[in-house]
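Work through the exercises below with the sequence and the model open. Each task is followed by a solution in steps.

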Amino acid sequence: MLQQDTGRCVLCSRICEQCGHPVRAKDGRLCRDCRNKARRLAAQQPCPRCGRPGYLREPTGWCGSCSRPRPAKKPPRICRECGQLRRHAGLGLCSPCWQKHPGRPFIRGDHLREQLAEPPWWLDDFVAHVAKRHCVSRACGFVTDLGRLLGDEHPNSPQALLERSRRPGRSMGSFARALEDFFTRHGLALPTDQSDRLAAGRRRRRLDAVPDPLRLAVTAFDASRMRAQERARRAGTRPRSNHTLETALSILRDLALFLAAERGKDGWELVDVQDIEAFLNTLPRARKRRLTVLRQFFRFARAQHLVLVDPTRGLAGDEARGFRGATLTLDQQRGLFRRWTTDESVHPHEALVGMLALLHGASSTETRLLQIDDVDETTQSLRLGKRPRPVPMDPASWAVLQRCLAHRDGWRTDNPHVMVTKGTKAGRSPASTAYLSHVLDPCGFPPRMIRSTRLLDLVNVMDPKLVAAAFGMTAESTLIYLADRVDPGALPGPETP
């Protein structure tokens with residue numbers, strides 16, 4: 001029979017005072033679990049040693065934690081490495097010295113070999129690889145992570161291990177990079193597609209920024225460009241780089257946002273010449289590059305019957321070819337030269353990039369890709385980029401180069417490049433372009449301005465064809481530095497009476 005006040009039967013109407021569950025006993029106030037818990041708590045007494053409630057043991061009169069004997073601490077001993085009286089950690093070393101002991105990764109590798117039923121034959125080589133390129137604690141962590149992968153139920157082939165070691169997200173993790181470097185160097189696995197994944201994420205973020213009514217056409221355009229890139233790779237020709245594809249999507253994203261916000265248009269078929277011209281006028285210096293991408297997009301859109309008329313057909317993208325960038329004055333050049341040759345607090349990478357750009361007209365890419373094999377100690381010269389001949393170094397530039405090489409030796413790395421950073425010391429890749437773009441920030445001048453100053457001076461003093469031949473450039477690329485220049489020798493002299 002249900003009770004009127006609770007809507008339950010007689011047995012379920014009684015509720016436990018502590019947990020709120022139904023009480024089955026007729027004269028009870030607590031449920032079964034709460035009664036058992038109360039009975040156990042009532043049997044506990046405060047321990048005379050620690051003061052906490054517990055079940056006292058008859059032999060000792062203490063609780064269980066205090067009654068169990070603890071292992072006695074070993075007496076401190078003299079560390080054989082630092083000579084101080086400290087607690088022993090292992091191999092006669094104290095804890096700080098044991099943490100820095102170079103043999104820890106190899107000991108960890110031996111323990112891992114004993115734990116595995118079928119250890120891989122390359123395990124010792126991997127331990128030696130990470131122990132040589134990383135600190136002791138990180139190398140031990142890599143060996144532990146490898147043991148976790150080798151001990152699961154998945155296949156243990158090098159390619160499978162490399163794929164499972166990757167972390168989700170924009171970075172695959174230092175352990176995956178170490179595995180990739182080891183496996184690719186020994187020919188055990190193919191490199192990962194991490195760069196392609198990052199490029200796909202960058203393209204996806206640009207596509208997501210396009211307004212919804214205009215996004216479908218831009219997505220189809222990007223898909224067609226990706227198919228063309230894949231065909232070029234299979235054919236062995238020169239495919240478009242990921243940077244080129246991302247730049248094109250950035251321009252289309254900016255155009256779509258401009259059309260939606262400034263022109264009030266939500267369809268590509270509504271775009272006319274005035275809209276394109278207004279968009280190009282927002283950044284006049286990027287007119288040629290933007291117009292090239294827009295022409296490619298609207299040709300694709302017209303072929304796909306997305307638009308009837310190409311609004312970029314009658315626009316002109318040609319502009320006067322001439323150097324219009326900023327350059328350094330003579331006093332600024334002298335100040336930079338003194339900074340990079342006399343100031344010891346300047347980072348060696350900044351001094352190297354700056355001196356090669358200031359005196360030898362080296363680009364950031366040439367300096368970034370400079371390797372140890374390109375340095376000739378006998379003739380004190382460098383092989384820079386695509387230059388046909390080695391570049392002789394003056395004493396100031398050679399001293400800066402030696403300082404950079406000494407900084408590289410401090411990393412204890414096998415990276416073949418001269419400029420080695422914290423992120424590239426464990427691998428073989430060059431420093432990132434982002435690092436090179438900011439390495440000269442302390443001096444206040446970008447690398448392009450410093451290099452343009454040197455090229456402008458050489459082209460106007462020497463024959464532009466000789467400069468092009470020496471720098472590995474085309475003759476047309478050096479002629480832009482002759483714009484708006486008047487040869488004083490060609491001017492008529494003062495008239496004589």
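**Exercise 1. A loop threonine**

Leaving aside its neighbours within four places in sequence, with which residues is Thr424 in contact?

Solution. The model is a predicted one.
- Step 1. Locate the residue: Thr424 belongs to the loop between α18 and α19.
- Step 2. Judge its cover. The relative accessible area of Thr424 is 7%, and buried means under 20%, so Thr424 is buried.
- Step 3. List the partners. With neighbours within four places in sequence set aside, Thr424 has contacts with Asn415, Ser429, Pro430 and Ala431.

**Exercise 2. Overall form of the chain**

Decide whether the protein chain is a compact globule or more spread out than one.

Solution.
- Step 1. Take the inventory: 22 helices and nine strands make up the list for the protein chain.
- Step 2. Compare the radius of gyration with the rule. The value for the protein chain is 36 Å, whereas the globule rule gives 23 Å for 497 residues; the chain is therefore more spread out than a compact globule.
- Step 3. Look at the principal axes, along which the C-alpha trace of the protein chain spans about 130 × 75 × 50 Å.
- Step 4. Add burial and surface. Of the 497 residues in the protein chain, 36% are buried. The accessible surface of the chain is about 30,400 Å², and carbon and sulfur atoms hold 53% of that.
- Step 5. Consider contacts in the protein chain with a separation of 6 or more: residues 24 or more positions apart account for 46% of them.

**Exercise 3. Two helices checked by length**

Test whether the end-to-end distances of α20 and α12 agree with their numbers of residues, then state what covers their buried residues.

Solution.
- Step 1. Helix α20 (residues 447-461) has 15 residues, which at 1.5 Å a residue should span 21 Å; the end C-alpha atoms of α20 are 22 Å apart, so the two agree.
- Step 2. The buried residues of α20 include Met449, Ile450, Thr453, Leu455, Leu458 and Val459.
- Step 3. Those buried residues of α20 pack against α15 (330-342), α16 (348-360), α17 (364-368), α19 (433-438), α21 (464-471) and α22 (475-479).
- Step 4. Repeat for α12. With 22 residues, α12 should span 32 Å at 1.5 Å a residue; its end C-alpha atoms lie 30 Å apart, which agrees.
- Step 5. Among the buried residues of α12 are Leu245, Ala248, Leu249, Leu252, Leu255, Ala256 and Leu259. An α-helix has 3.6 residues a turn, so residues three or four places apart point the same way.
- Step 6. The cover over the buried residues of α12 includes α10 (194-208), α11 (212-235), α13 and α14.
- Step 7. Go past the end of the helix: just after α12, Gly264 has a positive phi of about 65°.

**Exercise 4. Aromatic pairs**

How many aromatic pairs are there, and which parts does the pair of Trp268 and Phe298 tie together?

Solution.
- Step 1. Count ring centres within 6.5 Å of each other; the total is eleven aromatic pairs.
- Step 2. One of the pairs is Phe182 with Phe183: the centres are 5.6 Å apart and the planes make 55°, a tilted arrangement. Phe182 is buried because its relative accessibility is 0%, and Phe183 is likewise buried at 0%.
- Step 3. Trp268 and Phe298 pair edge-to-face, at 6.0 Å centre to centre with 80° between the planes.
- Step 4. Trp268 lies in the loop between α12 (242-263) and α13 (273-280), and Phe298 lies in helix α14 (residues 287-303); the pair therefore ties together parts 30 residues apart in sequence.
- Step 5. Trp268 and Phe298 are both buried. They belong to one aromatic cluster with Phe221, Phe297 and Phe300.

**Exercise 5. Positive phi outside glycine**

Establish where His305 and Gln380 lie, and whether each is exposed or partly exposed.

Solution.
- Step 1. His305 is not a glycine, yet its phi is positive, about 60°. His305 sits in the loop between α14 and α15.
- Step 2. The relative accessibility of His305 is 71%, so His305 counts as exposed.
- Step 3. Gln380, also a residue other than glycine, has a positive phi near 50°. Its place is the loop between β7 (375-376) and β8 (381-382).
- Step 4. Gln380 has a relative accessible area of 33% and is therefore partly exposed.

Note on methods: Residues numbered from 1 in each chain as written. Predicted model: local features only at pLDDT ≥ 70, side-chain atom pairs only at ≥ 80, totals over all residues. Heavy atoms only, no water. Phe/Tyr/Trp six-rings, centres within 6.5 Å; stacked < 30°, edge-to-face > 60°. Buried < 20%, exposed > 50% of the residue type's maximum accessible area, 1.4 Å probe, protein only. Helix = DSSP H or I, 4+ residues; strand = E, 2+ residues; numbered from the N terminus. Rg over C-alpha atoms; globule rule 2.2 N^0.38 Å. Contact = heavy atoms within 4.5 Å. Areas by Shrake-Rupley, 256 points an atom, 1.4 Å probe, with all protein chains shown as cover. Expected span 1.5 Å × (residues − 1).
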